[in-house]
Amino acid sequence: MTRPDRLLAWLVLIALFGVMIASFFVPREEVALPPPPPLAGQIDRIVIEKAARRMQLIQNGKPVRTYRIALGFAPEGDKERQGDGRTPEGEFTIDRRNAKSVFHLSLGLDYPQRTHRARAAEAGADPGGDIFIHGQPNALPEGFKLRGDWTAGCIAVTNAEMREIWKVTPVGTKVEIRP
C-alpha cells in the first residue's frame with residue numbers, strides 16, 4: 001500500500017469514527033414552555049403504549065402526565081430472550097429504585113416473571129432481566145435526548161421527565177405495558 005493510499009485509508013477511518021461519535025450526540029429536543037405544574041402526591045399506575053411511544057402517569061384513575069418514550073432497539077412484540085432488543089409487555093410492578101444507575105435515575109420492573117421464565121426455558125433461552133424506566137445515559141450532557149428506540153429493552157425519557165417521575169413513583173406502583 002502506498003503512502004497516499006494509507007493516508008486516504010486513515011482519513012476515511014477518522015471520518016467514519018467522527019460520524020459515529022457525532023450521531024451519538026444529537027441536537028437538543030425542544031421543551032414546551034411553560035412547564036406543567038408540579039405533580040403532588042404519588043401516582044397509582046403507569047400505562048405504557050409501545051406502538052404510540054407514549055407513557056402516562058395515572059393518579060386517582062386519571063392521566064396526569066404523558067411522556068414520549070424510547071423503547072428497546074427492536075420493540076415489536078413481547079420480550080422473549082436476553083438481547084432481543086424488545087421491551088416486555090404485560091402487567092408489572094416497580095420493585096426497586098436506583099439513584100446511582102448508569103442512566104439518569106431508574107425504576108426497576110419485576111421482569112422476568114414466572115411466565116417469561118417458562119417461555120424462555122421452553123425455547124432454551126435466557127429471558128433477560130434488568131428492565132427499567134430511566135433517563136438518558138449519564139455520559140450525555142444535561143438536556144440532550146437520544147432519538148429513536150435505543151435501549152436494550154427499557155423505557156427511556158428525558159432526564160427532567162425522569163426526575164418528575166422519580167418523585168411521584170414509589171416501589172409497588174403497577175405498570176402496564178401494552179403492545
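What share of the contacts in the protein chain with a separation of 6 or more comes from residues 24 or more positions apart? I found that such residues account for 60% of these contacts. I note at the outset that this is a predicted model.

**Entry 1. The chain as a whole.**
I looked up the secondary structure and obtained three helices and eight strands for the protein chain. Reading along the sequence, I recorded the pattern α-β-β-β-β-β-α-β-β-α-β. I then checked burial: the chain has 179 residues, of which 40% count as buried.

**Entry 2. The sheet.**
I next traced how the strands are arranged. Eight strands form an open sheet, and I read their order as β3-β2-β1-β8-β4-β5-β6-β7. The pairing in this sheet is mixed. At the edges I found β3 and β7, the latter spanning 155-156, and each of these two strands pairs on one side only. As background, I recall that strands of a sheet pair through backbone hydrogen bonds, either parallel or antiparallel.

I examined one pairing in detail. Strand β2, residues 54-59, runs antiparallel to β3, and six bridges join the two. Within this pairing, I identified Arg-68 in β3 as the bridge partner of Arg-54.

**Entry 3. Asp-84.**
Where does Asp-84 lie? I located Asp-84 in the loop between β3 (62-68) and β4 (90-98). Is Asp-84 buried or exposed? Its relative accessibility is 11%, and because buried means under 20%, I entered Asp-84 as buried.

I then listed the surroundings of this residue. Leaving out residues up to four places away in sequence, I found that Asp-84 touches Phe-73, Ala-74, Asp-78 and Lys-79. With Lys-79 there is also a polar contact between the two side chains, at 2.9 Å. In addition, a polar atom of the Asp-84 side chain lies 3.0 Å from the backbone nitrogen of Arg-86. I therefore record the side chain of this buried residue as having polar partners in the side chain of Lys-79 and the backbone nitrogen of Arg-86.

**Entry 4. The second largest pocket.**
I looked up the second largest pocket and noted a volume of about 160 Å³. Its lining consists of 14 residues, and those closest to the pocket centre are Gly-129, Asp-130, Ala-152, Gly-153 and Cys-154. Which classes make up the lining of this pocket? I recorded five nonpolar, seven polar and two charged residues.

Technical notes. Residues numbered from 1 in each chain as written. Predicted model: local features only at pLDDT ≥ 70, side-chain atom pairs only at ≥ 80, totals over all residues. Heavy atoms only, no water. 1 Å grid on protein atoms, 1.4 Å probe; cavity = no way out; pocket = protein on both sides within 12 Å on 5 of 7 lines; lining within 4 Å. Points joined across faces, edges and corners; volume = space filled by probe spheres on them. Nonpolar A, V, L, I, M, F, W, Y, C, P; charged D, E, K, R; others polar. Helix = DSSP H or I, 4+ residues; strand = E, 2+ residues; numbered from the N terminus. Buried < 20%, exposed > 50% of the residue type's maximum accessible area, 1.4 Å probe, protein only. Polar contact = N/O pair within 3.5 Å; in protein donor to acceptor, adjacent residues only side chain to side chain. Contact = heavy atoms within 4.5 Å. Pairing = 2+ DSSP bridges.
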